[in-house]
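Reader: Hello! I am new to this structure and would love a close look at one part of it, with its surroundings explained along the way.

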Amino acid sequence: MRSGVAIFPGSNCDRDIIVALKKITSKIPLKLWHKDTEFPNLDLIVLPGGFSFGDYLRCGALAARSPIIRNIKDHVSRGGALLGICNGFQILIETGILPGSLIRNKKLLFTCRETILEIQKTIENPFTKGFKEGFNLKIPVAHNEGNYFAPAPLLNELDSEGRIAFKYVKGDNPDSNIDYNPNGSSNDIAGILSKNGRVLGMMPHPERAINPLHGGSDGLKFLTKSIEHIVG
């Protein structure tokens, strides 16, 4: 398994995902600085969470114009797997690698809490392949601009093409069901896939749920299954 983590000024979840990948693969991922224009072929690149370039202009807008992005697009064109988490998802949107927009949370407040994600019926992809449709994962979110917005034709296209990876759903605790969707995302969308299924953008943080001390290890389960099917 050859993996790398792209790091931008303001990234703050890079160490978390590096720890998670090392835990799963026993190998330390390659650290990719945003100015790097050359790196070896990799199986997986992760764009981590954080506040790249201080979220100036729009979240991910400046990071999307970093020198490394050309190489990341080349990686995608070769069929390499790419995972964008939170700010990484915002960067994928800003680069045009994934469609739609991520706007301010519906209540205009930063939210940091657990959410329940339901695996959707999807196209062939390594990220959800190890799970049955309808399977639930408990993974936390932490963001201010995680409200996925898209016009109705695009939402219908994502749904009909099986490119919605997860949706926020109600859990077993009735008290958590009032605001089970933490940001007001259209159609409760928590993550989407590229047309070839090799790119996933998601707002929840699986790297923050890799140990029972975190309150659960569903993130470890998700990342492990993803890696198994990326290299399998």
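Leaving aside its neighbours within four places in sequence, which residues is N196 in contact with? Please go on from there to the rest of the picture.

Author: Happy to help! Please keep in mind that this is a predicted model. Leaving aside neighbours within four places in sequence, N196 is in contact with V76, I123 and E124. You will find N196 in the loop between β10 and β11. With a relative accessibility of 40%, N196 counts as partly exposed, because buried means under 20% and exposed means over 50%. There is also a link across the chain here: N196 and S77 are 119 residues apart in sequence, and their C-alpha atoms are separated by 9.9 Å.

The two strands on either side of that loop lead us to the sheet. It is an open sheet of nine strands, with mixed pairing, and its order is β2-β1-β3-β4-β11-β10-β9-β6-β7. At the edges stand β2 (30-33) and β7 (136-143); each has a single partner strand, so one side of each is left without a neighbour in the sheet. On average, and ignoring direction, neighbouring strands of this sheet are turned by 25 degrees against each other. As general background, strands of a sheet pair through backbone hydrogen bonds, either parallel or antiparallel.

Both kinds of pairing can be followed here. Strand β6 (residues 111-119) and strand β9 (residues 164-168) run antiparallel and are joined by three bridges. As an example to look for, L117 has Y168 in β9 as its bridge partner.

Helices pack on this sheet too. Helix α1 (residues 14-25) touches β1 (3-7), β2, β3 (44-47) and β4 (81-85), and its direction makes about 175 degrees with that of β1. Helix α3 also packs on the sheet, where it touches β3, β4, β10 (189-193) and β11 (199-202); the direction of α3 makes about 115 degrees with that of β4. So α3 touches both of the strands that flank the loop of N196.

Let's stay with α3 for a moment. This helix covers residues 87-95 and is mostly covered itself, with eight of its nine residues buried. The buried ones are N87, G88, F89, Q90, I91, L92, I93 and T95. Just after α3 comes G96, which takes a positive phi of about 85 degrees.

Strand β1 is another covered element. All five of its five residues are buried, so β1 is largely enclosed by the rest of the structure. From this strand, S3, V5 and I7 point one way, while G4 and A6 point the other way, and all are buried. The strand β1 pairs in the parallel sense with β2 over four bridges, and the bridge partner of A6 in β2 is L32. With β3, strand β1 also runs parallel, joined by three bridges; here S3 has L44 as its bridge partner.

Two more residues are worth a visit. The first is S66, in the loop between β3 and α2. Its relative accessibility of 8% is under the 20% cut-off, so S66 counts as buried. Beyond its neighbours within four places in sequence, S66 is in contact with F8, H34 and F53. The second is N71, which sits in helix α2 (residues 68-77). Here the relative accessibility is 15%, so N71 also counts as buried. Not counting residues up to four places away in sequence, N71 touches D36, T37, E38 and F39. The helix of N71 also takes us back to the start, since V76, a contact of N196, lies within residues 68-77.

Finally, a word on empty space. Rolling a probe the size of a water molecule over the atoms shows where empty space is left. The largest pocket holds about 260 Å³ of space. It is lined by 15 residues, and K107, D179, N181, P182 and N183 lie nearest its centre. By class, that lining has six nonpolar, five polar and four charged residues. The structure also holds one cavity of 30 Å³ or more, and about 40 Å³ of space lies in the largest cavity. Its lining consists of E114, K138, P140, R208, A209, H214, G215 and G216, which by class gives two nonpolar, three polar and three charged residues.

Note on methods: Residues are numbered from 1 along each chain as its sequence is written. This is a predicted model: local features need pLDDT of at least 70, side-chain atom pairs count only at pLDDT 80 or more; totals for chains, interfaces and linings use all residues. Side-chain values use heavy atoms; hydrogens and water are left out. On a 1 Å grid over the protein atoms alone, a cavity is a set of points where a 1.4 Å probe fits but cannot get out, and a pocket is an open set with protein on both sides within 12 Å along at least five of seven lines; lining residues have an atom within 4 Å of a point. Grid points are joined across faces, edges and corners, and a volume is the space filled by probe spheres set on the points. Ala, Val, Leu, Ile, Met, Phe, Trp, Tyr, Cys and Pro count as nonpolar, Asp, Glu, Lys and Arg as charged, and the others, Gly among them, as polar. Buried means under 20% relative accessible area, exposed over 50%, partly exposed in between (1.4 Å probe, protein chains only). Contact means heavy atoms within 4.5 Å. Two strands pair if DSSP finds at least two bridges between them. Axes are lines fitted to C-alpha atoms, for helices over the stretch in contact, and angles run from 0 to 180 degrees between N-to-C directions.
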